[in-house]
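Student: I'd like a close look at one part of this model, and then whatever you can connect to it. Could you keep it informal but give me the cut-offs?

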Amino acid sequence: MVNLEPEDIRICMCVCRKWRLLLSTGYFWRNYMNHSFDFTDEDEERLTGMLHELGSSWFFGWGQGMVQGLSEGDLFEELPRRWKSGIVHPVGPDVRSKVPDYKAMYESLYQLQKIQDEVNEREIVYTGSSENSGECPVDMLLFRWEHDKLPSQEEVMEIFHLNTNLRLDITYERSEKNFAEENELGEIFKCRRKLPSESIFYEALPKVLDDGFIKVHIDYQGRTNTFRPCPVFILTQLSPGWCGGVLTGVW
């Protein structure tokens, strides 16, 4: 049954009580999740998306001067990683160990991967506010979070291993509203690649960020000389035990 689509599993659960019990066990959802998603980290030498923007060294020279980008680890003591299934996660122990609810974890991953696939296919970028002077890639991310409230500013810094030795200028916003109620999605997210079919992104993202969110914008000393964007986290409670959302940036 691990080859079934999620919609087919819901149908099978209605067949009989025995099937419903079988398809409700943590054992089944753990195997189904591991079959559906590749949890191998991507090669660090081939970073793409926002991780490439945050983790690469850039050089720019003029005249006799040279400005060098920050090396990996200067802003992040440990740069987040991306599973081959496409979802970004902070560095830490294997998130699949001692999971109280594998179904909740699967559902969180499934939501995020659908959006990430749409982002990749349509080359969706974040343009942010009118003050932003560029475009940044969009990545979906996930991490374990077993608290009632969304992470504080300090907890976000700890989860993502931000370097507190740098002089950081952090803007932390918390809202109980749906993200789409406070933002015109068509203005802050742009599709670079137009396709005949209508994009599901502008409908799917508000469903993920529908129960309140936090937005964390991080500027840091020396960034303007490194040709790197400021990272921006837009996070929400995805399901019991799991938090995640968008990792992007502004220039």
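Student: Let's zoom in on one spot: which side chain does Arg10 meet in a salt bridge, and what is the N to O distance?

Tutor: Quick ground rules: this is a predicted model, so local features need pLDDT of at least 70 and side-chain atom pairs count only at pLDDT 80 or more, while totals for chains, interfaces and linings use all residues. Numbering starts from 1 along each chain as its sequence is written, and side-chain values use heavy atoms, with hydrogens and water left out.

Now your spot. Arg10 pairs with Glu7, at 4.0 Å from N to O. A salt bridge here is a side-chain nitrogen of Lys or Arg within 4 Å of a carboxyl oxygen of Asp or Glu. Both residues sit in helix H1 (residues 6-12), and because they are 3 residues apart there, about one helical turn separates them. (Helices are DSSP runs of H or I with at least four residues, strands are runs of E with at least two, and both are numbered from the N terminus.) Arg10 is exposed, at 51% relative accessible area, whereas Glu7 comes out partly exposed at 38%. For those labels, buried means under 20%, exposed over 50%, and partly exposed in between, with a 1.4 Å probe and protein chains only.

Glu7 and Arg10 have company, since the whole structure holds 10 salt bridges. One of them repeats the within-helix theme: Lys207 and Glu203 meet at 3.3 Å, N to O. These two share helix H9 (residues 201-208) and stand 4 residues apart, about one turn of the helix. Lys207 is exposed, with 54% relative accessible area.

Arg82 and Asp139 make another kind of pair, with their closest N and O atoms 2.9 Å apart. Arg82 is in strand S3 (residues 81-82) and Asp139 in strand S7 (residues 139-145), so this bridge ties together parts that are 57 residues apart in sequence. Arg82 is buried at 6% relative accessible area, and Asp139 is buried too, at 3%. Glu42 joins in as well: Glu42, Arg82 and Asp139 are linked in a network of salt bridges.

Nonpolar side chains get their own surface feature. Met1, Val15, Trp19 and Leu22 make a nonpolar patch of about 360 Å². Patch members have over 30% relative accessible area and no salt bridge; nonpolar side chains (Val, Leu, Ile, Met, Phe, Trp, Tyr) are joined within 5 Å, and like charges within 9 Å. The areas come from the Shrake-Rupley method with a 1.4 Å probe, and for residues only the protein chains shown count as cover. Trp19 belongs to helix H2 (residues 17-22) and is partly exposed, at 33% relative accessibility.

Met33 gives you a contrast. Met33 lies in helix H3 (residues 26-36) and counts as buried, at 0% relative accessibility. Val2 is 31 residues from Met33 in sequence, with 8.4 Å between their C-alpha atoms.

As for empty space, the search of the whole structure turns up 1 cavity of 30 Å³ or more, holding about 30 Å³. A cavity is a set of points on a 1 Å grid over the protein atoms alone where a 1.4 Å probe fits but cannot get out, and lining residues have an atom within 4 Å of a point. Points are joined across faces, edges and corners, and the volume is the space filled by probe spheres set on them. The lining consists of Val99, Pro100, Asp101, Arg144, Glu146, Pro240, Gly241 and Trp242. Glu146 and Gly241 are 95 residues apart in sequence, yet 4.5 Å apart from C-alpha to C-alpha. Glu146 sits in the loop between S7 and helix H6 (153-159) and is exposed, at 53% relative accessibility.

Finally, two backbone oddities. Most residues other than glycine have a negative phi. Glu123, in the loop between helix H5 (102-122) and strand S5 (124-126), has a positive phi of about 55°. His161, in the loop between H6 and strand S8 (168-175), also has a positive phi, near 55°. Glu123 is partly exposed at 41% relative accessibility, and His161 is partly exposed at 21%.

Methods:
On a 1 Å grid over the protein atoms alone, a cavity is a set of points where a 1.4 Å probe fits but cannot get out, and a pocket is an open set with protein on both sides within 12 Å along at least five of seven lines; lining residues have an atom within 4 Å of a point.
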